[in-house]
Amino acid sequence: MNLYSVEGEIINGSNLQTTWYQTDVVARNKDHAETLARDEFRRQGAFKEVIINSIECIDEEVQS
């Protein structure tokens, strides 16, 4: 398992306000990290689908 930092955003089309989201997750790969991050963003209050801007592996071989 690796530690990933995931960043995303929601853009409100009516006033172009952007809400940023960021979380670190322990995952098997980038796809798994995206899934876990989306779950966390919903817990953080994301009311729409978050656009993922970056997924970066920040540490390898971490304990889950």
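**Exercise 1. Pairs within the helix**

Asp39 and Arg42 both sit in helix H1, three residues apart, about one turn of the helix. Work out how the two side chains interact, and how exposed each residue is.

*Solution.* The model is predicted, so cut-offs on pLDDT apply: side-chain atom pairs count only at pLDDT 80 or more.

Step 1. Start with the chemistry. Side chains of opposite charge can pair when their charged atoms come close.

Step 2. Check the distance. The closest N and O atoms of Asp39 and Arg42 are 2.7 Å apart. The cut-off for a salt bridge is 4 Å. Asp39 and Arg42 therefore form a salt bridge.

Step 3. Check the cover. Asp39 has a relative accessible area of 30%, so Asp39 is partly exposed. Arg42, at 48%, also counts as partly exposed.

**Exercise 2. A network around Arg38**

Which residues do salt bridges with shared partners join into one network? Trace each link.

*Solution.*

Step 1. Place Arg38. This residue lies in helix H1, which spans residues 30–43.

Step 2. Find the partner within the helix. Glu34 forms a salt bridge with Arg38, with the closest N and O atoms 3.0 Å apart. Glu34 and Arg38 are four residues apart in helix H1, so about one helical turn separates them.

Step 3. Find the partner outside the helix. Arg38 also forms a salt bridge with Glu49, and here the closest N and O atoms are 2.6 Å apart. Glu49 lies in the loop between H1 and strand S3 (51–59), so this pair ties together parts that are eleven residues apart in sequence.

Step 4. Compare the cover. Arg38 is buried, at 17% relative accessibility. Glu34 is partly exposed, at 26%. Glu49 is exposed, at 53%.

Step 5. Add the other contacts. Leaving aside neighbours within four places in sequence, Arg38 is in contact with Glu49, Val50 and Ile52. The C-alpha atoms of Arg38 and Ile51 are separated by 9.5 Å, and the two residues are 13 apart along the chain.

Result: Glu34, Arg38 and Glu49 form one network through shared partners. The total for the structure is four salt bridges.

**Exercise 3. A buried acid**

Glu9 is buried. What does its side chain pair with in a polar contact?

*Solution.*

Step 1. Locate Glu9. This residue is in strand S1.

Step 2. Look for a salt bridge. Glu9 has none. The nearest side chain of opposite charge belongs to Lys48, 11 Å away. The cut-off is 4 Å.

Step 3. Look for a polar contact. The side chains of Glu9 and Asn53 are joined by one of 3.3 Å.

Step 4. List the surroundings. Beyond its neighbours within four places in sequence, Glu9 is in contact with Thr18, Thr19, Trp20, Val50, Ile51 and Asn53.

**Exercise 4. A patch and the whole chain**

Which residues make the nonpolar surface patch of about 290 Å²? Then describe the chain as a whole.

*Solution.*

Step 1. Name the patch. Ile11, Leu16 and Ile51 make it.

Step 2. Test one member. Ile11 is in strand S1 (residues 2–12). Its relative accessible area is 39%, so Ile11 is partly exposed.

Step 3. Order the elements. The chain has one helix and three strands. From the N terminus on, they run β-β-α-β.

Step 4. Look at cover and surface. Of the 64 residues, 31% count as buried. The accessible surface comes to about 4300 Å², and 44% of it belongs to carbon and sulfur atoms.

Step 5. Check the extent. The C-alpha atoms fill a box of roughly 45 × 20 × 15 Å along the principal axes.

Conventions
Residues numbered from 1 in each chain as written. Predicted model: local features only at pLDDT ≥ 70, side-chain atom pairs only at ≥ 80, totals over all residues. Heavy atoms only, no water. Patch = residues over 30% accessible without salt bridge, like charges linked within 9 Å, V, L, I, M, F, W, Y side chains within 5 Å. Areas by Shrake-Rupley, 256 points an atom, 1.4 Å probe, with all protein chains shown as cover. Helix = DSSP H or I, 4+ residues; strand = E, 2+ residues; numbered from the N terminus. Buried < 20%, exposed > 50% of the residue type's maximum accessible area, 1.4 Å probe, protein only. Lys, Arg positive; Asp, Glu negative; His and termini not counted. Polar contact = N/O pair within 3.5 Å; in protein donor to acceptor, adjacent residues only side chain to side chain. Contact = heavy atoms within 4.5 Å.
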